[in-house]
Amino acid sequence: MNTDASSVEISGQLNSEERRIITAAVLEAEQKPKVILEVGTWLGGGSTLHLLRALEQNGVGHLWGIEADRSIYDEMLKNIRTAAPEALHRFTPLFGFSQRIIPQWLAKQGPQFKIDFAFLDGGNNPSEQILEFGLIDPRLPVGGILMAHDAKLRKGKWLVPYLSRLDNWESQLHDVSAEGLFSAKKIAPHPSASSFRSARLHLLRMRFQPAEVAAALLPAKVCKFVLGLMPEKLRRHVGEGR
Ligand SMILES: C[S@@+](CC[C@H](N)C(=O)[O-])C[C@H]1O[C@@H](n2cnc3c(N)ncnc32)[C@H](O)[C@@H]1O
């Protein structure tokens with residue numbers, strides 16, 4: 001029986017090409033990332049495990065992984081302990097919603113703290129990745145990397161066009177899955193005024209799409225109830241953008 005932790009399979013998302021891309025982004029970064037923030041670990045076998053193993057291979061860096069669902073969080077902890085015991089010293093799990101956890105976490109790190117690499121893969125509401133980006137952008141230095149999953153789905157529907165319009169980011173969509181993996185590198189501290197205006201204007205238009213206005217105004221329970229009445233295919237289309 002093979003008891004080598006590196007061969008242990010644990011549940012995770014991202015296909016093999018996406019896992020290869022995020023691993024390579026950490027291994028081949030111009031400056032080895034010291035700080036990685038991840039939103040949405042799920043069960044740990046996708047982004048969390050692969051980012052962590054890449055950091056361990058680099059021999060430097062730490063991953064903070066946020067997860068909002070308690071039972072998933074507990075399971076993820078067990079999984080990571082089994083699959084990457086050698087890299088556990090590089091991992092700090094954070095339980096809760098990114099919107100609340102990121103500001104608390106940053107406040108504890110102090111004003112000079114920088115995030116070298118962020119991976120956003122939390123909830124399906126497109127406002128979440130935008131909000132997370134707004135919270136971490138001031139801490140991402142020039143050269144910093146931002147990756148986001150579900151770039152072709154509802155989750156990335158606002159962040160991808162927003163960031164693509166900012167001329168202080170060089171961005172790329174890896175069209176290697178039905179979900180899509182977005183990757184961007186900060187190339188200047190601030191966008192030009194015209195690119196910032198264009199990005200904000202586009203975001204405003206996206207925010208006023210009827211389905212998103214309804215999702216923003218209706219209580220979560222009502223949205224869940226309405227989605228529950230829909231056939232599976234339509235529910236996934238409306239809820240996830242599939
Ligand atoms: C698509 S899964 C993440 C998959 C994971 N990155 C992987 O590669 O296997 C999304 C996860 O984000 C969590 N989540 C949703 N909204 C969140 C938020 N605002 N903050 C933190 N976690 C969130 C969900 O509970 C779920 O486990």
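This briefing covers the sheet, the helices packed on it and the ligand shell. The model is predicted: local features need pLDDT of at least 70, side-chain atom pairs count only at pLDDT 80 or more, and totals for chains, interfaces and linings use all residues. Residues are numbered from 1 along each chain as its sequence is written.

**The sheet**
- Seen edge to edge, the 7 strands of an open sheet run E3-E2-E1-E4-E5-E7-E6, with mixed pairing.
- Strands E3 (91–95) and E6 (169–174) each have a single partner strand, so one side of each has no neighbour in the sheet.
- On average, neighbouring strands of this sheet are turned by 15° against each other, direction ignored.
- Strands here are DSSP runs of E with at least two residues, helices are runs of H or I with at least four, and both are numbered from the N terminus.
- Two strands pair if DSSP finds at least two bridges between them.
- E4 (residues 117–120) and E5 (residues 145–149) pair in the parallel sense over 4 bridges, and Phe-117 stands opposite Ile-145 in E5.

**Helices across the sheet**
- Helix H3 (residues 70–83) lies across E2 (62–67) and E3, at about 170° to E3.
- Helix H5 (residues 126–136) lies across E1 (35–39), E4 and E5, at about 165° to E4.
- Angles run from 0 to 180 degrees between N-to-C directions, with axes fitted to C-alpha atoms, for helices over the stretch in contact; contact means C-beta atoms, placed from the backbone, within 7 Å.

**Around the ligand**
- Of 21 residues around the ligand, Gly-40, Trp-42, Gly-46, Gly-122 and Gly-123 come nearest (C-beta atom, placed from the backbone, within 6 Å).
- E2 and helix H4 (98–109) are the elements giving two or more residues to this shell.

Notes: Contact = placed C-beta atoms within 7 Å.
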